[in-house]
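Here is a short briefing on one helix and on how two domains meet. Have the sequence and the model open as you read.

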Amino acid sequence: MTKLKLLLPALSATALALLSPAVPAQLRIDITSGVTDPIPVAVARFAQEPAAPTAAFDFAEVIRQDLERSGRFRLLPRERMPGAPSRADAVVAADWRNLGTDYVLVGRATAGPAAGQSTVDFELLNVLNGQRLLSERLVVPAATARNGAHRIADRVHEKILGVRGAFATRIAYVSVDGAPPNQRYQLLVADADGEAARVILESRQPLMSPAWSPDGEWLAYVSFEARASAVYVQRLRTGERRRVSARRGINGAPSWSPDGSKLALTLSGSGGNLDVYVLELATQALTRITDDPGIDTEPVWAPDGAAIYFTSDRSGGPQVYRVAPTPGDRPKRITFGGGYNARPRLSPDGTQLAFVTLEGGGYKVAIQDLAGGGSRVLTQGRFDESPSFAPNGATLIYAGRERGQGTLATVSADGLITQRLKSDRGEVREPAWGPFLR
Amino acid sequence: MKKLLPLAVALFAVSLAAGCASKRAKTDGAGEESVASSGATTTPDDSASASGIESAGSVGGDMGAGAGPTGELANRRIIYFAFDSDEIRPDDQALLARHAQWIAANPGTRVRLEGHTDERGTREYNIGLGERRAQAVRRALALQGGAELQVPTVSFGEERPAAAGETEEAFSQNRRVEIVYGN
């Protein structure tokens, strides 16, 4: 993609002012409910060679937090552990079994192979039957030690539950500070546990609708910085940024095709009629997908690329429709219960549809089985919106309001486990869960 | 993070330069490109600056106050709407007639209509509802001031509330179209 023009003037005072620390709001996770019978697991402190660059980092603590916050596990406190084994053959199974533990994770880190890296060996044991379930090695750069711990937690989650964990993933979201009309908008990316939040764009004008590219390298979003909406794509690693749609009228709701080559988006033209289009990023070729006098917006691609789901009020109130991503296909209505069903998102396997529904005077997140048709409401708020599936499909993150502030929350797809991600200041909204990282 | 500061500074310099060097986008001019025909540009406009993940870019300065009607009409630039409605109240028709007359008499002044919603409902759908309101005001102005009145619209949906809070009072202040002069 095209790079920004390289013109290098003297650094202006404005540039320095802009650099003054934009400290991102910190997110903190609270579990609000979990499963009634969590699996008992212990994560022993990892042994670290003194020369290991990760020597000061507590792998076990981060893994413990991940597993505990998933709501599926109960973690044995470190002070109750019968010793601190770092190898499977040093684990006395009966000692752990007697404490009600089913699984024990042990690990150790040594320096190398390259400078700044540690090699982490970890093993997962079923102490009920003595079986060793995992014995793996991970090279972890000290600078991204937390990510290494999340990856180990992902493996444990997968081995015990049969579903890959999504701890080593990221979320994008929008935060808003200040009272109207002088608000400040930030677009942020953080680890899935809310840590390591980084501001990737800041504006005095609204930022909205962040969407991840399938490879996790880019975000598409809407910015009003030019005093009208425009769609941008921005490479996270470099900040390289490209305005891909600034047409007359509305430019909104970008969604990447599964192969990353196209964006579905909403355009209105000067006449103000919103319809769904597909924009090919390499050629800028634009294809009109819907053509209806109602509002057609909030498109999202099905994971197989064969359909686009979108919101339309062509039948009165907003409902979710499906259409082929080619011109001329006739949209088929997907949601029927109630008068307001909008902003669809597909589960990674394409079998479930999450959307916002109006029920009992409140906007809530609902999920519908696309094969069976039945839907159920997952959340209890009055202003819940913007659901986004974790890449393992097990959890959704969404935005809600609590005491007048926008907050983020998660709910498991089965509705059993809920968490809140609280921001220490300002409002947070529009979470988008990123893909698995390579 | 600290190690990357020089890189961040360089990125800022580059991106600001790109912003200054590129043409300001004519996002509110009449007679601009239509949806189907326009291409995209590759540089950000206005004071846009991109940033790497280790640093923040800052974009979108405040709108300046511009020329427009003076006196009482200057203070009556906001049309309010009922919930889920784009219908202009009868009382506001007379007000819109006065704005239409002023606009027709001052053809050199830029005008645009900014549509807004309250916070209920999904964000991009609300962009659509805000646009509907702005278009309703545009049609009313054209009706009052003649077909040659081509006033551009922009919808902010629920993104730029006038009042904070989850009360009906706040909601009713946020469901509005602002007539903005001089931008």
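**Helix H4 and the domain contact**

In this predicted model, the buried residues of H4(A) pack against strand S2 (39-43), helix H2 (59-69), strand S5 (103-111), strand S6 (117-126) and strand S7 (131-141) of chain A. H4(A) is mostly covered, with 12 of its 17 residues buried.

**The helix**

- H4 of chain A runs over residues 145-161. From first C-alpha to last it reaches 24 Å, close to the 24 Å expected at 1.5 Å a residue.
- Charged residues among the buried ones of H4(A) include Arg151(A), Asp154(A) and Arg155(A).
- His150(A) and His157(A) are buried too.
- Other buried positions of H4(A) include Ala145(A), Gly148(A), Ala149(A), Ile152(A), Ala153(A), Val156(A) and Ile160(A).
- Gly162(A) comes just after H4(A) and takes a positive phi of about 80°.

**The two domains**

- The domain assignment splits chain A into domain 1 (27-161) and domain 2 (170-433).
- Taken over C-alpha atoms, the centres of domain 1 and domain 2 of chain A are 35 Å apart.
- On the domain 1 side, 13 residues are in contact with 17 residues of domain 2 of chain A.

**The side of domain 1 that touches domain 2**

- Strand S1 (27-33) and H2 of chain A each supply at least two residues of this side.
- S1(A) gives the most, with 7 residues.
- By type, the residues of this side of domain 1 of chain A are 4 nonpolar, 4 polar and 5 charged.
- H2 of chain A thus appears twice: it supplies residues to this side, and the buried residues of H4(A) pack against it.

Definitions and conventions. Residues are numbered from 1 along each chain as its sequence is written. Chains are lettered from A and ligands numbered from 1 in the order in which they are written. This is a predicted model: local features need pLDDT of at least 70, side-chain atom pairs count only at pLDDT 80 or more; totals for chains, interfaces and linings use all residues. Helices (H or I, at least four residues) and strands (E, at least two) are DSSP runs, numbered from the N terminus. The expected span of a helix is 1.5 Å times one less than its number of residues. A residue is buried if 20 or more other C-beta atoms lie within 10 Å of its own, exposed if 12 or fewer, and partly exposed in between; C-beta atoms are placed from the backbone. Two residues are in contact if their C-beta atoms, placed from the backbone, lie within 7 Å. Domain bounds come from an automatic or database domain assignment.
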